[in-house]
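Visitor: Hi, I'm new to this one. Could you walk me through it?

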Amino acid sequence: MILKNNNNHDKRYLLEQEIYKSFIIQCKNIKELYWKTSQPLPLFPGASTCFSQLHKLNINLDYVNSNSLQEMAKYCKSLNELSVRNPKDSTGLISLIDAQKNLKEIFLYSIKFRERTYEKLSNTLSRKVNLLKLELSNIIIIPPSFLKSLINLTTIYIFFNEVDEQDDDIKKIKEFQRCLAISEFPNLQFLSIYWLLSFKELAKLIEKTNENLLHLDIYNTHRNVKNTGMLIISIANNCPKIKTLRTYIEPKDFIYVKSLLLNCKYLEVVKFDSLYAFINLNDNILGDELLNILAEFSPKFLTNITISAIWKYSIDGFIRLFESYKERNLRHFNLCKNYDYDITEDHKVIIKKYIDEGIIRNSTCTFY
């Protein structure tokens, strides 16, 4: 249908409204809703029956207003999962969150940072002490003090993927890190964080995970991050069950990898990347120290290894590592391709040789 007069918007809105009304009055006890319309859905006939059993709700606040959310809170009280795009301190959103009796997972996404902060939303989140899963994307607009209350979390995903390295954003990141350091998540199993200034606070948090952490993924773009070795030590001492570890280290941290491999016997996946795109190694082959540690101390389940291509490795170092896997095979062996890397054609030939022999099952290194 194409509407061509000056009342296009009004006609389209009314047509959309009738479609939603028909849907709501005919559908009873729906379980999942993606809400991206300015239509006041909870005010339509049949809304109480339609939405009272919702378990999963995804809201885009660029379209949904506070009054509609407040009305939805009257019917919708049994959500397990709530996703909010561009959250704010709206009375309706706060009412909706407070109305939930069994909320287990919450996801908050913001397209970009906003100048103001949302204290009320932070306070509301602090009351959801039974939350198990929390995902925040670009959410430094919400003061992180609520984290201290969420002691039952098993899964945390936090992404600051549009940070401007300006004073205000950096201050907010530092405050977030401070709150991490003083929080306790004894049941935490999955932790993924993008963009930190220091790993010190993360290391302190891991000390309080009661040896339950299974997966840790760190993705960083800030090249001056500190305390990478401190994090490895904390994991080695406090995460005996960990299966997946993706993080950043420097050559001076290689010494700590041995205790990590000895103490974390269930490791299946490791990724050790470099914080630097370019590095002056003065032609020293520093990477062989890491290869030797992996060859000698890797636990039996560790069959997925990714290391930075920026550290220089000898051909013999590669051979020692691959020979150590003859009895169990490397499911994946990959190199993080930094801007400055020293992987030669000879290295690729060795990798291909062990692929052909079936010792390495999969590797992208031969395509560099």
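Guide: Sure, we'll chat about the sheet and then some helices. This is a predicted model, where local features need pLDDT of at least 70, side-chain atom pairs count only at pLDDT 80 or more, and totals for chains, interfaces and linings use all residues. Residues are numbered from 1 along each chain as its sequence is written, and side-chain values use heavy atoms, leaving out hydrogens and water.

Visitor: So how many strands form the open sheet, and in what order?

Guide: Twelve, in the order 1-2-3-4-5-6-7-8-9-10-11-12, with parallel pairing. Strands (E, at least two residues) and helices (H or I, at least four) are DSSP runs, numbered from the N terminus, and two strands pair if DSSP finds at least two bridges between them.

Visitor: Which ones are the edge strands?

Guide: Strand 1 (32-35) and strand 12 (332-336), each pairing on one side only.

Visitor: Switching to helix 4, which residues are buried there?

Guide: In helix 4 (residues 91-99), Gly92, Leu93, Ile94, Leu96, Ile97 and Ala99 are buried, meaning under 20% relative accessible area with a 1.4 Å probe, protein chains only.

Visitor: And what do they pack against?

Guide: Their partners include strand 2 (56-60), strand 3 (81-85) and helix 5 (119-126); contact means heavy atoms within 4.5 Å.

Visitor: What about helix 10 and helix 11, at what angle do they pack?

Guide: Helix 10 (residues 287-297) and helix 11 (residues 315-323) pack at about 15°, axes 8 Å apart. So helix 10 is roughly parallel to helix 11, a label for angles under 35 degrees. Axes are lines fitted to C-alpha atoms over the stretch in contact, and angles run from 0 to 180 degrees between N-to-C directions.

Conventions: Buried means under 20% relative accessible area, exposed over 50%, partly exposed in between (1.4 Å probe, protein chains only). Angles under 35 degrees count as roughly parallel, over 145 as roughly antiparallel, 65 to 115 as roughly perpendicular and the rest as oblique.
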